[in-house]
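Work through the exercises below with the model open beside you. Try each task before you read its solution.

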Amino acid sequence: MRRNMVWIVAMSAGLLATSEARAHCDTMDGPVVKDAQAALEKADIAPVLKWVKKDAEPELAAAFKKTLAVRKTSPAAKELADRYFLETLVRVHRAGEGAPYTGLKPAGSDLPHAVVAADEVVAGKLPVDTLVEHVSGSVAAGIRQRWARVADARKGMNSSVEAGRKYVAAYVEYVHYVEKIALMTSGGGHAHGAPND
């Protein structure tokens, strides 16, 4: 039962977001950047290696070494070097997920509620069952809304080509939504891959 809850949460975070991957690993207040900032302050790369695949470690280690050397020269150089390392880390992390790097987003970027809540569960601020109920309800509402559009469009689908196309558009959206849910719950896909899968 608990494993099913985890699958529901994982796949629903992707379904509730837009079709473009909207993870918070590329935000200045996300967990990747927080770990990177701590690693830079301690001059220890170990806390960030978990965010990248093993084959990306040499690139990240080289960027870390350069950053540590440059950040000692002046406050402006420190700011620039830190930004370089953060961007390198997030880019490499995103590549490991198969996602594009579109730059670092500012802290407080607009994220789906489910993603924020998922982090609150990890931090112990929210029980996982609360998140599961919210996400499960959102998924159920999504299915019902799409089905209602199909049922409505189906009534007159043969009255004209335009009405038929309206039905087909509603049908395709409905089936694709359900298909995404089925793929996620059967293990055939995932919304946000772990870097070392």
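## Exercise 1: Val48 and its core

Task: Which residues does Val48 touch, not counting residues up to four places away in sequence?

Solution. Step 1: Val48 touches Asp35, Ala36, Ala39, Leu60, Phe85 and Leu89, leaving out residues up to four places away in sequence. Contact here means heavy atoms within 4.5 Å.

Step 2: place Val48 in its core. A nonpolar core is a set of buried Ala, Val, Leu, Ile, Met, Phe, Trp, Tyr and Cys residues, joined through side-chain atoms within 4.5 Å. Buried means under 20% relative accessible area, exposed means over 50%, and partly exposed lies in between (1.4 Å probe, protein chains only). The largest nonpolar core has 21 residues, and Val48, Leu60, Phe64, Phe85 and Leu89 touch the most other members.

Step 3: find the elements behind this core. Helix H2 (31-42), helix H4 (57-70) and helix H5 (75-97) are the elements that give two or more residues to it. Another core lies apart from it, with eight residues, among them Ala114, Ala117, Val135 and Val139.

A note on the model: it is predicted, so local features need pLDDT of at least 70 and side-chain atom pairs count only at pLDDT 80 or more, while totals for chains, interfaces and linings use all residues. Residues are numbered from 1 along each chain as its sequence is written, and side-chain values use heavy atoms, with hydrogens and water left out.

## Exercise 2: The whole chain

Task: How many helices and how many strands does the chain have?

Solution. Step 1: count the elements. Helices (H or I, at least four residues) and strands (E, at least two) are DSSP runs, numbered from the N terminus. The chain has eight helices and zero strands. Along the sequence the pattern reads α-α-α-α-α-α-α-α.

Step 2: look at burial. The chain has 197 residues, and 35% of them count as buried.

Step 3: look at contacts. Take those with a separation of 6 or more: residues 24 or more positions apart account for 63% of them.

Step 4: look at the surface. The accessible surface of the chain is about 11,800 Å², and 58% of this belongs to carbon and sulfur atoms. Such areas come from the Shrake-Rupley method with a 1.4 Å probe; for residues, only the protein chains shown count as cover.

## Exercise 3: A salt-bridge network

Task: Which residues do salt bridges with shared partners join into one network?

Solution. Step 1: apply the rule. A salt bridge is a side-chain nitrogen of Lys or Arg within 4 Å of a carboxyl oxygen of Asp or Glu. The count comes to eleven salt bridges.

Step 2: take Glu41 and Arg71. They form a salt bridge, with the closest N and O atoms 3.0 Å apart. This pair links distant parts of the chain: Glu41 is in helix H2, Arg71 is in the loop between H4 and H5, and they are 30 residues apart. Glu41 counts as exposed because its relative accessibility is 56%. Arg71 counts as buried, at 13%.

Step 3: take Asp82 and Lys78. Their closest N and O atoms are 3.7 Å apart in a salt bridge. Both residues lie in helix H5, four residues apart, about one turn of the helix. Asp82 has 13% relative accessibility, so it counts as buried. Lys78 counts as partly exposed, at 30%.

Step 4: join them. Glu41, Arg71, Lys78 and Asp82 form one network through salt bridges that share partners.

## Exercise 4: Two buried polar residues

Task: Why does Arg146 count as buried?

Solution. Step 1: locate Arg146. Arg146 lies in helix H7 (residues 128-155).

Step 2: check the value. Arg146 counts as buried because its relative accessibility is 17%.

Step 3: list its surroundings. Beyond its neighbours within four places in sequence, Arg146 is in contact with Glu173, Tyr174 and Tyr177. A polar atom of the Arg146 side chain lies 3.0 Å from the backbone oxygen of Gly142.

Step 4: repeat for Thr88. Thr88 lies in helix H5. Thr88 counts as buried because its relative accessibility is 7%. Leaving aside neighbours within four places in sequence, Thr88 is in contact with Glu59, Leu60 and Ala63.

Methods:
Polar contact = N/O pair within 3.5 Å; in protein donor to acceptor, adjacent residues only side chain to side chain.
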